[in-house]
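Reader: I should be grateful for a close look at one part of this model, namely the open sheet and its strands. Please set that part in the context of its chain and of the contact with the partner chain.

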Amino acid sequence: MTDYTDKIKEIAKRVLDEGKVDMVIGFRKGTVPMMNQPHYATSAASVDELIWDSSCGLNLANYLTDKKGNIAIVAKGCDTRNIVTHVIENKIKREQLHIIGVPCTGMIDHHKINAMFDKEITKVEESGDQITISGNGFSETLPKKDLLAENCAVCTHRNPVEYDELVGDLVEEQTGVDQYASVKEVEAMSPEDKWNYFEDLLAPCIRCYACRNACPLCYCPTCFVDESRPQWVGKSQDPTDVRTFHLLRAYHCAGRCTDCGACERVCPMGIKIREFTKKLNKDCLELYGWEAGLSLDQRPPLDTYKADDPEDFIK
Amino acid sequence: MTLIKIDKKSLDQGIEKAKAAYRVFGPVKQKTDHDFKLLDKSELPDFNFQNTRLSPKAIIYPQSQIMFEYSLDETSEDCRIMKEVENVASPMAVVGVRPCDALSFPIVRRNFDSPEYQDTYWIKAYEATTFVGLACNSACATCFCTSAGTGPFGEEGLDILLVADGNNFFVKELTEKGAAFIKAAGWSGDADANAASKIDELKKTAEATITAAVETDKLREKTILELYDASFWEEEAFSCINCGTCTYVCPTCWCFDVQDETFGKSGIRMRNWDSCMFPLFTHHASGHNPRDVKYQRVRQRFMHKLKYYVDKYDNGIQCVGCGRCIRLCPVNIDIRRICNKMNSFDAAKAACEAVAS
């Protein structure tokens with residue numbers, strides 16, 4: 001995907017020169033392997049820093065919330081689905097945006113890759129579908145498909161769903177992937193095993209809120225965990241409060257989550273936060289035939305009422 | 001001060017033996033990363049790590065700590081009286097502290113143990129603790145300790161420095177606390193005459209592996225307001241999502257929030273780590289927030305570490321160069337880049353450039 005870089009710069013320069021937009025939001029190369037930095041360009045000089053590779057996994061729709069002015073944004077499949085969600089939820093207007101669509105072949109998982117090597121990784125390079133990981137005294141080239149983030153491995157919307165122009169040809173969508181294999185495993189557990197599983201899952205949480213803050217859906221002016229009058233949730237490391245935060249946040253994303261994986265990517269403790277949102281995505285698909293952010297013309301199932309909405313789960 | 005040479009077996013046996021007199025903490029691999037934990041009986045620290053994911057600060061300064069208890073029971077004699085919880089720290093030892101993290105304790109001490117304020121919770125835990133350091137024989141690409149007041153063999157903040165030499169360890173006693181731990185561990189046997197030169201050689205080799213640096217020499221002479229008003233803050237803060245990762249993984253971030261939690265007729269007053277990245281950190285009861293916008297919060301964190309602290313204590317920066325915030329920042333905000341920008345900031349030149357454009 002690194003060959004998209006030149007095209008991104010070319011488009012960015014053009015839309016800025018034409019005065020079509022005030023800024024272009026994209027990525028610049030990070031100072032740490034696999035950690036690119038969201039970056040904006042307002043002039044030709046900063047356009048040169050824009051890049052694209054398989055470490056652009058953050059969701060740039062997060063940087064659009066309530067922005068004024070005209071903005072060009074580099075957006076892969078999931079980012080465009082969150083842009084659609086943002087437009088539906090009145091967080092940005094479609095007319096303000098020039099969407100530079102990126103047909104995506106998936107992002108690599110820095111947590112997984114770091115865990116694969118005992119030594120520090122100092123360089124990650126890609127060439128086509130091969131990723132070369134090196135450090136002091138080692139270098140290994142592996143197929144990208146084995147290094148994908150879990151959400152990318154099961155993604156069925158790699159192409160942008162909404163865009164003004166594309167940086168390359170559309171890519172083939174993945175078929176035959178079981179998106180919900182991990183959810184089914186948890187669903188099959190006994191209540192006691194589920195309890196232990198989630199207890200273990202959340203045990204490392206330090207409540208930094210990176211998952212919430214990297215999520216384009218989490219734009220509430222005051223999050224429920226930050227409310228102080230009244231205060232709903234305790235602030236300590238008490239497991240009940242930690243779980244309350246994660247469970248309520250997940251439910252607040254029900255029918256809105258695009259499984260972009262930003263929450264997991266940013267977690268400093270490597271917690272698999274998608275285990276929660278993924279279950280709700282599965283429920284929304286099974287109950288309402290709904291996947292978030294695919295169309296500007298459809299209201300999400302949880303903010304509309306239909307007489308034939310399923311209600312078997314109401315006991 | 002004593003210099004001892006022991007093999008790996010004696011090291012392990014000594015740590016196990018010391019558990020009779022100390023609660024011993026050490027780095028242990030948990031799932032994918034090493035973190036400090038209280039070592040169980042026969043559990044040994046795992047020294048096969050570059051540095052732990054989280055710093056050891058939580059051992060002295062837990063993320064959540066109960067300070068007082070109270071009763072709201074009107075029939076009780078001490079109704080509505082804040083009573084300090086028992087605050088007695090039994091001897092602790094932290095084994096395997098990297099020199100960068102070791103330096104964080106004297107830095108944090110300037111805040112918690114000053115002529116003006118004595119934080120009894122922090123001080124008691126700190127005074128009860130023996131810090132057994134482990135020199136770094138090689139650095140990470142994000143380590144810049146040598147330009148942050150220490151180095152891979154730095155001794156400040158430590159009671160003992162362990163230096164790994166193949167399967168053997170040099171044990172360098174640095175303080176009386178260190179001597180007591182060595183005694184409890186039963187480590188003995190003077191190192192040979194070449195030990196000092198061997199340690200020096202290992203130190204030089206280690207220092208040569210440091211590739212990162214920050215420039216800090218001009219920070220003190222800068223005018224606070226000129227740096228505060230510098231034009232780069234908004235751009236540098238653009239990617240920030242205002243999470244607490246940098247703060248919570250930082251060994252020198254010391255801010256906390258005080259909370260009361262009531263359960264029925266009794267309650268506790270506790271403190272929890274807080275982060276200047278969070279809007280709530282400065283949210284006034286009136287509703288006003290003096291740091292309402294994210295770049296103001298990003299600026300605060302760097303100004304505190306690299307300017308206000310520098311000016312107030314005249315003792316270098318409030319950063320030990322461990323590189324955790326660089327490695328773990330989800331959006332790649334790099335303190336080295338910000339520090340160098342601050343150090344080289346020329347207000348007059350920036351003003352000229354602003355006029356020219």
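Author: The account below begins with the sheet, then turns to the chain that holds it, the interface and some backbone details. The model is a predicted one.

The sheet belongs to chain B, where four strands are arranged in the order 5-4-11-10. The sheet is open, and its pairing is antiparallel. At its edges are strand 5 (83-84) and strand 10 (256-263) of chain B, each of which pairs on one side only. Strand 10 of chain B is joined to strand 11 (residues 266-273) of chain B by eight bridges, again in the antiparallel sense. Within this part of the sheet, Val258(B) is placed opposite Arg271(B), a residue of strand 11 of chain B.

The chain around the sheet comes next. Chain B contains 13 helices and 11 strands in total. Its radius of gyration is 23 Å, close to the 21 Å that the globule rule gives for 357 residues, so chain B is as compact as a globular protein of that length. Along the principal axes, the C-alpha atoms of chain B fill a box of roughly 70 × 70 × 40 Å. Of the 357 residues in chain B, 42% are buried. When contacts in chain B between residues at least 6 apart in sequence are considered, 72% of them join residues at least 24 apart.

Chain B also meets chain A: 30 residues of chain B are in contact with 28 residues of chain A. On the chain A side, strand 1 (23-32), strand 2 (35-41), helix 8 (210-214) and helix 10 (262-266) each supply at least two residues. Strand 2 of chain A gives the most, with six residues. By character, the residues on this side of chain A comprise 13 nonpolar, 11 polar and four charged.

Some backbone details complete the picture. Most residues other than glycine have a negative phi, and most peptide bonds are trans. In chain B, Lys31(B) has a positive phi, near 60°. Lys31(B) sits in the loop between strand 2 (23-30) and strand 3 (33-38) of chain B, and it counts as exposed because it has 11 C-beta neighbours inside 10 Å, where the limit for exposure is 12 or fewer. In chain A, Asn90(A) likewise has a positive phi, of about 60°. Asn90(A) belongs to the loop between helix 3 (77-88) and strand 5 (97-102) of chain A, and it is exposed, with 8 other C-beta atoms within 10 Å. A cis peptide bond, with omega of about 0°, links Arg229(A) to Pro230(A). Pro230(A) is located in the loop between helix 8 and helix 9 (239-252) of chain A.

Definitions and conventions: Residues are numbered from 1 along each chain as its sequence is written. Chains are lettered from A and ligands numbered from 1 in the order in which they are written. This is a predicted model: local features need pLDDT of at least 70, side-chain atom pairs count only at pLDDT 80 or more; totals for chains, interfaces and linings use all residues. Two strands pair if DSSP finds at least two bridges between them. Two residues are in contact if their C-beta atoms, placed from the backbone, lie within 7 Å. Ala, Val, Leu, Ile, Met, Phe, Trp, Tyr, Cys and Pro count as nonpolar, Asp, Glu, Lys and Arg as charged, and the others, Gly among them, as polar. The radius of gyration is taken over C-alpha atoms; the globule rule is 2.2 Å times the number of residues to the power 0.38. A residue is buried if 20 or more other C-beta atoms lie within 10 Å of its own, exposed if 12 or fewer, and partly exposed in between; C-beta atoms are placed from the backbone.
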